[in-house]
Amino acid sequence: MNRVKIPAELKKMNEIFSANGFEAYLVGGAVRDMLRGTPASDWDIATNATPADVTRIFRSVIPTGIAHGTVTVRFRGKSIEVTTYRTEQGYSDGRHPDHVSFAATIQDDLSRRDFTMNAIAASLADGTITDPFDGRADIARKRICTVGNARDRFLEDGLRPVRAIRFSSQLGFDIQSDTYSAIFDDAVQNKIRSISAERFRDELCKIVQSPVPSAGLRLLEETGILAFFIPELAAGRGVTQADARGFHEYDVLDHNFYTCDGAPRDNLTVRLAALLHDIGKTDTRTVETKTVAGQATEVIHFHGHEAKSAEIAKNVLTRLKCSNAQTERVCHLIRQHMFFFETNWTDAAVRRFIVRVGAENIDDLLLLRRADIYGMHRVPVAAGSPAARNLDELRDRISVVEAEKSARSLKDLAVNGNDLLALGIPAGKHVGRILHELFQCVLDDPAMNERERLLRVARSLAEKIRP
């Protein structure tokens, strides 16, 4: 393929470049995706126009990366990054070039890029391809290969090895042998260690959201990168779970990997929870010897691992600079993932489950449970299977109880602390204790949530706890 179809918006943009004597190319991932036959929505433009030129010829320009020759142009409702052709020299901090020089040609600009599949440009004028490093051939072979010497490229930016693994996971490409071997170079390993937690987190999240995240996660483990940034997760390798009960087939690390595979790709919260849901098993593993039919049998336990896993996951996500909201959501799912629903649950038990988990977290928790079951043997939860019927019944029971619109928290009670104070109950811990007991009454019987009925119960409780 010697040319690609340029979107109408970019052709209009090119008319402005051309009318002012400049050339412009679509570059990077958009071209790669077009050549693969997949949609490309994020557009990056390379041009011989300087940032000052771009600012002059376009109406709305934001100086997002002016030090590196990059501005963002707002054009026809889209934000499009525009970067002047450039070359780079020196990477003292392992991320940013020490010196950036504007280059004369698109070929010069492409020579600074990381992988051959990303070093392809398409003219905005007619879609003609410029491919000085034969990136199209690597795309056809589904191969990831650096532009030039792999060790040199990786020493320029320690994130590039992680990006290679991320692209492999996202695209299903193999990393070319020399490129992969360079990741194990001692100097490259040190450079990888130096990247910021935020940059690793962003790549990890993309790996986690790839079609089969375990493929990329295993490469992170094999290259030692996982141990650099999440040693608690890597420690699960070799921590066996299989015993005579047959619940588990894999060790803790593979189970976490495969549970991540089993979670919905479009739900990052559940996939992160799946990856970390059993991270505490390494610290909670115990072995009990039981005698069954005259035979000594080892039974493996991980008592309290859900609480330990939530604790460790919070440390990991905090270290990776995840948002407080995302960290709390993920850790809450992990903390609650060991629920066991049985058909004989009362409506009150279902209400307490909803209150404990939070109605807004129910669907994610059920998705995590399905993923957890998948991760045991890599077998999906089939419709009509015992596990599916159990989860479906729980979801149905929850729907029935939610339709009652019963109290879900203290603020939903028909009385409050001021009402109790008006009864003569002294301010302090007694008020909180009584409100808690009233809430339990309402969970048992929603009809109790009437002001006069609750006040009668409150008076009775106050008499019992009076000093």
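Start with helix α20, which gives the most to the lining of the second largest pocket, with five residues. The model is predicted.

**Stop 1: the pocket**

Keep α20 (362–377) selected and add β13 (295–301), α17 and α21 (386–403); these are the elements that give two or more residues to the lining of the second largest pocket. The pocket has a volume of about 730 Å³. Its lining counts 30 residues, and Phe247, His248, Met338, Phe340 and Met376 lie nearest the centre. Colour the lining by residue class: 12 are nonpolar, 11 polar and seven charged.

**Stop 2: Arg370**

Return to α20 and select Arg370, which has its place in this helix. Is Arg370 buried or exposed? Neither term applies: Arg370 is partly exposed, because its relative accessible area is 27%, between the 20% limit for buried and the 50% limit for exposed. Show its contacts next. With neighbours within four places in sequence left aside, Arg370 is in contact with Val381, Ala388, Leu391 and Asp392. Then draw a C-alpha to C-alpha distance to Thr259: the two residues are 8.6 Å apart in space and 111 residues apart in sequence.

**Stop 3: helix α10**

Select residues 197–208, helix α10. From the first C-alpha to the last, its 12 residues reach 16 Å, close to the 16 Å expected at 1.5 Å a residue. How many of the 12 residues of α10 are buried? Nine are, and the helix is mostly covered. To see them, pick Ala197, Arg199, Phe200, Arg201, Glu203, Leu204, Cys205, Ile207 and Val208. Now bring in what covers these buried residues, which includes α7 (160–171), α11 (213–222), α12 (225–229), α14 (252–262), α15 (268–276) and α17 (305–319).

**Stop 4: the nonpolar cores**

Stay on Phe200, one of the buried residues of α10. Phe200 is also among the residues with the most contacts inside the largest nonpolar core, along with Phe17, Leu26, Leu220 and Ile230. This core has 101 residues. Select α15 to see the largest share of the core, seven residues. In soluble globular proteins, nonpolar side chains tend to be buried together.

Move to Phe17 and show what surrounds this residue. Not counting residues up to four places away in sequence, Phe17 touches Phe22, Ala24, Ile45, Thr47, Ala49, Val54, Ile57, Phe58 and Val82.

For the last selection, take Leu420, Ile434, Val442 and Met448. These residues are included in a second, separate core of 18 residues.

Notes. Residues numbered from 1 in each chain as written. Predicted model: local features only at pLDDT ≥ 70, side-chain atom pairs only at ≥ 80, totals over all residues. Heavy atoms only, no water. Helix = DSSP H or I, 4+ residues; strand = E, 2+ residues; numbered from the N terminus. Expected span 1.5 Å × (residues − 1). Buried < 20%, exposed > 50% of the residue type's maximum accessible area, 1.4 Å probe, protein only. Contact = heavy atoms within 4.5 Å. 1 Å grid on protein atoms, 1.4 Å probe; cavity = no way out; pocket = protein on both sides within 12 Å on 5 of 7 lines; lining within 4 Å. Points joined across faces, edges and corners; volume = space filled by probe spheres on them. Nonpolar A, V, L, I, M, F, W, Y, C, P; charged D, E, K, R; others polar. Core = buried A, V, L, I, M, F, W, Y, C linked by side-chain atoms within 4.5 Å.
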